[in-house]
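Subject: Structure handover

Hello,

Here is the structure I promised to pass on to you. Please have a look at it first, and then read my notes below.

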Amino acid sequence: MTADYDTLAKTIAALTEGETDQVALMATITCEVHHADDRFDWTGFYRVTQPGLLKIGPYQGGHGCLVIPFDRGVCGAAARTGEVQLVPDVEAFPGHIACATSTRSELVLPVRDASGKVIAVFDIDSNQPDAFTDQDATVLGAILTDVFAR
Ligand code: SME
């Protein structure tokens, strides 16, 4: 099963309409995205809880590391640079943090609020190599902007 992004975006918009609680929004998006595509083996948020530090938020899948400093991992790179990290081979990414040894590829998107401040990152891991596309990044990025920057 691969994600039907039009339906996924409409479902998330309907489920999150009028909601402003970030944990409720993150939990809902994580659930809908995780179950939308067989490529997605771990799906979740890391929240900026203090300058330079990420702490785990709602997620689905196996164990997720609890704390990630901005200078570490793919998640740290996304938070530090504010840029999408599309990683076809995690073994080739310097400083990749392996919360699960089965992960082969990864996509991490910065999450911004209405002021443009990075408040979290959205992380998806796959056990398949080179699993993610630019379209995944673009569509999921638009969903996150619609929900967190409104
Ligand atoms: N691999 C991430 C850490 C989080 S796990 O994927 C859930 C990283 O390198 O930042």
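Let me begin with the cysteines. Taking a disulfide as a pair of cysteine sulfur atoms within 2.5 Å, the count comes to 1 disulfide. The bond is between C65 and C99, with an S to S distance of 2.1 Å. C65 sits in the loop between β2 (53-60) and β3 (67-69), and C99 sits in the loop between β4 (85-87) and β5 (105-112), so the disulfide ties together parts that are 34 residues apart in sequence. The torsion about the S-S bond of C65 and C99 is about -130°, so this disulfide is left-handed. The helices (H or I, at least four residues) and strands (E, at least two) are DSSP runs, numbered from the N terminus.

Before I go further, a word on the model. It is a predicted one, with residues numbered from 1 along each chain as its sequence is written. Local features need pLDDT of at least 70 and side-chain atom pairs count only at pLDDT 80 or more, while totals for chains, interfaces and linings use all residues, and side-chain values use heavy atoms, with hydrogens and water left out.

For accessibility I use buried for under 20% relative accessible area, exposed for over 50%, and partly exposed for what falls in between (1.4 Å probe, protein chains only). C65 is buried at 16% relative accessibility, whereas its partner C99 is partly exposed at 27%. C75 is in no disulfide, and the nearest cysteine sulfur, that of C99, is 7.5 Å away. C75 is buried, at 4% relative accessibility. As for C31, its sulfur lies 20 Å from the closest cysteine sulfur, in C75, which is too far for a bond. C31 is partly exposed, with a relative accessible area of 27%.

Next, the empty space inside. On a 1 Å grid over the protein atoms alone, a cavity is a set of points where a 1.4 Å probe fits but cannot get out, and lining residues have an atom within 4 Å of a point. Grid points are joined across faces, edges and corners, and a volume is the space filled by probe spheres set on the points. The structure has 1 cavity of 30 Å³ or more, and the volume of the largest cavity is about 110 Å³. Its lining is made of 15 residues, with C75, I97, C99, E106 and D123 nearest the centre. Two or more lining residues come from each of β1 (42-50), α3 (73-81) and β6 (118-126), and α3 gives the largest share, 3 residues. By type, the lining has 9 nonpolar, 3 polar and 3 charged residues. Here Ala, Val, Leu, Ile, Met, Phe, Trp, Tyr, Cys and Pro count as nonpolar, Asp, Glu, Lys and Arg as charged, and the others, Gly among them, as polar.

You may also like the aromatic rings. Rings of Phe, Tyr and Trp (its six-membered ring) pair if their centres lie within 6.5 Å; planes under 30 degrees apart count as stacked, over 60 as edge-to-face and the rest as tilted. The whole structure has 5 aromatic pairs. In one of them, the rings of W42 and Y59 have centres 5.1 Å apart and planes at 25°, so the pair is stacked. W42 belongs to strand β1 and Y59 to strand β2, 17 residues apart. W42 is buried, with a relative accessible area of 6%, but Y59 is partly exposed, with 33%. Another pair, F45 and F122, is tilted, at 4.6 Å centre to centre and 40° between the planes. F45 is in strand β1 and F122 in strand β6, so this pair ties together parts 77 residues apart in sequence. F45 is buried at 0% relative accessibility, and F122 is buried at 1%. Ring pairs also link W42, Y46 and Y59 into a cluster.

Which residues have the most contacts inside the largest nonpolar core? They are I29, V33, F45, F122 and F148, in a core of 27 residues. A nonpolar core here is a set of buried Ala, Val, Leu, Ile, Met, Phe, Trp, Tyr and Cys residues joined through side-chain atoms within 4.5 Å. The elements giving two or more residues to this core are α1 (5-16), α2 (22-34), β5, β6 and α4; α4 gives the most, with 7 residues.

One last spot to check is D130, in the loop between β6 and α4 (134-148). Its phi is near 50°, a positive value in a residue other than glycine, and D130 is exposed at 53% relative accessibility.

Best wishes

Key:
On a 1 Å grid over the protein atoms alone, a cavity is a set of points where a 1.4 Å probe fits but cannot get out, and a pocket is an open set with protein on both sides within 12 Å along at least five of seven lines; lining residues have an atom within 4 Å of a point.
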